[in-house]
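Subject: Structure handover

Hello,

Here is the structure for you to look through. My notes on what was found in it follow below the model.

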Amino acid sequence: MSSHILDNSTGEPAPSVSVTLQKMNVDNSWTKVSTQITDKDGRIGNFLPYGQNNDGVYKLVFHIESYFDRKKLQTFYPFIEIVFHIKGDKHFHVPLTVSPYGYSTYK
């Protein structure tokens, strides 16, 4: 499972953003799986191992406010949560496009 962030306001990747992956438990609580930092290309290459069963409901939490603080910009979103379902052992990629006052994702 991988992810990346593109800043729509500049057309550039968003480096040095902390991103936390959490997995939903049967009681609907969340367990932290991993926290990683986007690289210079705004990417995180490997949250979950490829080729094994990672079935479940997951949430990526993008801690985006500090990114915009470094750019001396205000943002409406201190963090962005994307919840999604993984089924099977295929590779999943969850991208995020962001600007100070909007965001989008897709599969």
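Tyr103 touches Tyr77, Ile80, Leu96, Thr97 and Val98, leaving aside residues up to four places away in sequence. Please keep in mind that this is a predicted model. Tyr103 belongs to strand S9, which covers residues 102-105. With a relative accessible area of 39%, Tyr103 is partly exposed, because that class takes in values between the buried limit of 20% and the exposed limit of 50%. For a distance along the fold, take Asp89: 14 residues separate Tyr103 from Asp89 along the chain, and their C-alpha atoms are 28 Å apart.

Asp89 comes up again at Tyr50. Which residues does Tyr50 touch, not counting residues up to four places away in sequence? The contacts of Tyr50 are Asp89, Lys90 and His91. Tyr50 sits in the loop that runs between strand S5 (43-44) and strand S6 (56-63). Its relative accessible area is 63%, and Tyr50 is therefore classed as exposed. Tyr50 and His91 are 41 residues apart along the chain, yet their C-alpha atoms are separated by 6.2 Å.

The cavity

Tyr50 and its three contacts also appear in the lining of the largest cavity. The count comes to 1 cavity of 30 Å³ or more. About 70 Å³ of space lies in the largest cavity. Its lining is made up of Met1, Leu48, Pro49, Tyr50, Gln52, Asn54, Ile86, Gly88, Asp89, Lys90, His91 and Phe92. How many residues of each class are in that lining? By class there are 6 nonpolar, 4 polar and 2 charged residues. Gly88 is counted with the polar residues in this tally. The charged ones are Asp89 and Lys90. As to the principle, rolling a probe the size of a water molecule over the atoms shows where empty space is left.

The chain as a whole

The protein chain has 1 helix and 9 strands. In sequence order the pattern is β-β-β-β-β-β-α-β-β-β. The radius of gyration of the protein chain is 14 Å, close to the 13 Å that the globule rule gives for 107 residues, so the chain is as compact as a globular protein of that length. The C-alpha trace spans about 40 × 25 × 20 Å along its principal axes.

Of the 107 residues in the protein chain, 38% are buried. The chain exposes about 6200 Å², and carbon and sulfur atoms supply 51% of that area. Among contacts in the protein chain with a separation of 6 or more, 61% are between residues 24 or more positions apart.

Backbone angles

Two residues should be mentioned for their phi values. Asn28 is not a glycine, but has a positive phi of about 70°. Asn28 is located in the loop between strand S3 (18-24) and strand S4 (30-37). The relative accessible area of Asn28 is 54%, so Asn28 is exposed.

Lys72 is not a glycine either, and its phi is positive at about 60°. Lys72 lies in the loop between helix H1 (65-70) and strand S7 (80-86). Is Lys72 buried or exposed? At 76% relative accessibility, Lys72 counts as exposed.

Two acidic positions

Asp69 is in helix H1. The relative accessible area of Asp69 is 48%, which makes Asp69 partly exposed, because the exposed class needs a value over 50%. Asp69 and Ser34 are 35 residues apart in sequence, and 24 Å apart in space from C-alpha to C-alpha.

Glu12 is in strand S2, residues 12-13. Glu12 is partly exposed as well, with a relative accessible area of 46%. Not counting residues up to four places away in sequence, Glu12 touches Leu6 and Asp7. Between the C-alpha atoms of Glu12 and Asp41 there are 8.3 Å, and along the chain the two are 29 residues apart.

Regards

Technical notes. Residues numbered from 1 in each chain as written. Predicted model: local features only at pLDDT ≥ 70, side-chain atom pairs only at ≥ 80, totals over all residues. Heavy atoms only, no water. 1 Å grid on protein atoms, 1.4 Å probe; cavity = no way out; pocket = protein on both sides within 12 Å on 5 of 7 lines; lining within 4 Å. Points joined across faces, edges and corners; volume = space filled by probe spheres on them. Helix = DSSP H or I, 4+ residues; strand = E, 2+ residues; numbered from the N terminus. Rg over C-alpha atoms; globule rule 2.2 N^0.38 Å. Buried < 20%, exposed > 50% of the residue type's maximum accessible area, 1.4 Å probe, protein only. Contact = heavy atoms within 4.5 Å. Areas by Shrake-Rupley, 256 points an atom, 1.4 Å probe, with all protein chains shown as cover.
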